[in-house]
Amino acid sequence: MSSGKVSDRKLKEIEEIAAGWGKLLAQEAFPNGPGLDVTLVQMEEVAARACTAIVRGAIETMTGEQAKHFGEEEPCPTCGRLCPVMRKSRPMTVRGGKATLDEPVAHCPTCRRDFFPSATGAEVGRSRV
Ligand SMILES: [Zn+2]
């Protein structure tokens with residue numbers, strides 16, 4: 001499992017990649033270049049829409065990858081009973097946009113409670129019997 005910290009060097013690389021995408025998006029929006037009638041506000045709208053789409057795609061991909069760490073059953077944090085894990089879509093507002101998280105959630109019939117394996121510190125990759 002990663003430490004959770006992305007290095008400054010890696011973040012700079014990601015910014016350079018995104019800047020390259022910005023150039024491609026500008027060409028996509030205005031294949032012949034923006035005419036003199038295109039305002040800065042209109043250019044900004046194209047860039048802002050692209051940014052929110054990038055945020056959504058990145059957040060949904062990263063949280064989706066995390067959700068794969070959980071098995072079909074996870075132990076209840078209260079009683080330890082293995083409970084089936086389902087997926088629940090949860091729309092969220094995140095910095096720079098909105099994303100829909102595919103969140104693992106389980107219900108313990110013994111404790112009569114729902115729990116989120118991602119919030120209980122469940123170990124990743126542990127073996128099962
Ligand atoms: Zn329980």
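Strands here are DSSP runs of E with at least two residues, numbered from the N terminus. With that in hand, colour this predicted model by secondary structure and let's walk through it.

**First stop: the loop before β4**

Select arginine 112, which sits in the loop between β3 and β4. Check its backbone: phi is positive, about 55°, although the residue is not a glycine. For context, most residues other than glycine have a negative phi. Now switch on a surface. Arginine 112 counts as exposed because its relative accessibility is 73%, and the cut-off for exposed is over 50%.

**Second stop: the sheet**

Next, select the strands. They form an open sheet of four, in the order β1-β2-β3-β4, with antiparallel pairing. At the edges are β1 (73–75) and β4 (113–115), each of which pairs on one side only. Turn the view and you can follow the twist: neighbouring strands are turned by 50° against each other on average, direction ignored.

Begin at β1. Its antiparallel pairing with β2 runs over three bridges, and proline 75 has leucine 82 in β2 as its bridge partner. Six residues lie between the two strands of this hairpin, among them glycine 80 with a positive phi near 85°.

Move on to β2 (residues 82–94) and β3 (residues 97–108), which pair in the antiparallel sense over 10 bridges. Two places are worth labelling along this pair. Lysine 88 stands opposite glutamate 103 in β3, and valine 85 stands opposite alanine 106 in β3. The hairpin that joins β2 and β3 has two residues between the strands, and glycine 96 in that turn shows a positive phi of about 95°.

**Third stop: alanine 106**

Stay in strand β3 and select alanine 106. Is alanine 106 buried or exposed? Alanine 106 has a relative accessible area of 0%, so it is buried. Leaving out residues up to four places away in sequence, show what it touches: Cys83, Pro84, Val85, Arg113, Asp114, Phe115 and Pro117. Then draw a distance from its C-alpha to that of cysteine 76; the two residues are 30 apart along the chain, and the atoms are separated by 8.1 Å.

**Fourth stop: the cysteines**

Now select the cysteine sulfurs. A search of the whole structure finds zero disulfides. Cysteine 83 is in none, and its nearest cysteine sulfur, that of cysteine 108, is 4.0 Å away; a disulfide would need the two sulfur atoms within 2.5 Å. Cysteine 83 counts as buried because its relative accessibility is 1%. Cysteine 51, by contrast, has 46% relative accessibility and so counts as partly exposed.

**Last stop: helix α2 and the largest pocket**

Which strands does helix α2 touch? Select residues 40–67 to see: α2 packs on the sheet, touching β2 and β3, and its direction makes about 20° with that of β3.

Keep α2 on screen and bring up the largest pocket, which holds about 1100 Å³ of space. It is lined by 31 residues, and those closest to its centre are Ile14, Ile54, Val55, Ala58 and Met62. Helices α1 (8–29) and α2 each supply at least two residues of this lining. The largest share, 14 residues, comes from α2.

Methods: Residues numbered from 1 in each chain as written. Predicted model: local features only at pLDDT ≥ 70, side-chain atom pairs only at ≥ 80, totals over all residues. Heavy atoms only, no water. Pairing = 2+ DSSP bridges. Axes fitted to C-alpha atoms, helices over the stretch in contact; angles between N-to-C directions. Contact = heavy atoms within 4.5 Å. Buried < 20%, exposed > 50% of the residue type's maximum accessible area, 1.4 Å probe, protein only. 1 Å grid on protein atoms, 1.4 Å probe; cavity = no way out; pocket = protein on both sides within 12 Å on 5 of 7 lines; lining within 4 Å. Points joined across faces, edges and corners; volume = space filled by probe spheres on them.
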